[in-house]
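Reader: I would like to learn how cysteine links and enclosed spaces are read from a set of coordinates. Could we go through an example together, one feature at a time?

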Amino acid sequence: MMSLKIVVVILCFVALQLGSATVFKDCGTNAGTLASVDVSDCPQNTVPCPFKKGTNVTLVVKLTPSEASKGATLNLYGIIAGIKTPFQTKVDACKNDITCPISQGQATTFTAIVYVQPAYPKLRLVVDVELTSDDGKFLVCVQVPAEITD
């Protein structure tokens, strides 16, 4: 229990240092620099972020790619009890939100929208957002603690 509190404090500190309103963890971004993550209806520094059933939750991620890419693929997962479960996978980010081709060093923003099904059980999870370049590198890999609520 004490180690969980330490992890939460560290995550809050990292998020504050990066200037983001949402507490997050970089999970392996290796082809870009992550600037911020914002989640709709998640008050600043709230852990976990509430994901209300029957609503869309919007995640806005700001990044600067460290390499160019002709395209990008968005994958969203929920990590529940250590098991990575797909929400939305293999979404062509260029057809949704990102202007492609992606230019090296040019700051960009992308938006991921997650519909929280009314049938989902109330539980805590980690939302894993992965944006990969056309060669499979992580332009962004970020995890946000969340809780599905009524």
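Author: Let us begin with a single residue: Cys100 has a relative accessible area of 26%, and because partly exposed covers the range between 20% and 50%, Cys100 is partly exposed. Please keep in mind throughout that this is a predicted model.

Reader: Which residue is joined to Cys100 by a disulfide?

Author: A disulfide is called when two cysteine sulfur atoms lie within 2.5 Å, and in this model Cys94 is the partner of Cys100, with an S to S distance of 1.8 Å. Cys94 is likewise partly exposed, at a relative accessible area of 27%, and the angle about the S-S bond is -70°, which makes the link of Cys94 and Cys100 left-handed.

Reader: How many disulfides does the rule give in total, and what pattern do they follow along the chain?

Author: The count comes to three disulfides, and when the bonded cysteines are counted along the chain, the pattern reads 1-6, 2-3, 4-5.

Reader: Which parts of the chain does the link of Cys27 and Cys141 bring together?

Author: Cys27 and Cys141 are joined with an S to S distance of 2.0 Å, and the pair links distant parts of the chain, since Cys27 sits in the loop between β1 (25–26) and β2 (32–39) whereas Cys141 belongs to strand β9 (residues 138–149), 114 residues apart. The angle about this S-S bond is -100°, so the link of Cys27 and Cys141 is left-handed. As for accessibility, Cys27 counts as partly exposed at 23%, while Cys141 counts as buried at 2%.

Reader: Are Cys42 and Cys49 buried or exposed?

Author: Buried means under 20% relative accessible area; Cys42, with 9%, is therefore buried, and Cys49, with 0%, is buried too. A disulfide joins Cys42 to Cys49 at an S to S distance of 2.1 Å, and with -75° about the S-S bond this link is left-handed.

Reader: Turning to enclosed space, how many cavities of 30 Å³ or more does the structure hold?

Author: The general idea is that rolling a probe the size of a water molecule over the atoms shows where empty space is left. Here the structure holds one cavity of 30 Å³ or more, and the largest cavity contains about 40 Å³ of space.

Reader: Which residues line the largest cavity, and how do they divide by class?

Author: The lining consists of Phe51, Phe87, Val114, Tyr115, Val116, Tyr120, Leu125 and Ile148. By class, eight residues of this lining are nonpolar, with no polar and no charged residues.

Terms used. Residues are numbered from 1 along each chain as its sequence is written. This is a predicted model: local features need pLDDT of at least 70, side-chain atom pairs count only at pLDDT 80 or more; totals for chains, interfaces and linings use all residues. Side-chain values use heavy atoms; hydrogens and water are left out. Helices (H or I, at least four residues) and strands (E, at least two) are DSSP runs, numbered from the N terminus. Buried means under 20% relative accessible area, exposed over 50%, partly exposed in between (1.4 Å probe, protein chains only). On a 1 Å grid over the protein atoms alone, a cavity is a set of points where a 1.4 Å probe fits but cannot get out, and a pocket is an open set with protein on both sides within 12 Å along at least five of seven lines; lining residues have an atom within 4 Å of a point. Grid points are joined across faces, edges and corners, and a volume is the space filled by probe spheres set on the points. Ala, Val, Leu, Ile, Met, Phe, Trp, Tyr, Cys and Pro count as nonpolar, Asp, Glu, Lys and Arg as charged, and the others, Gly among them, as polar.
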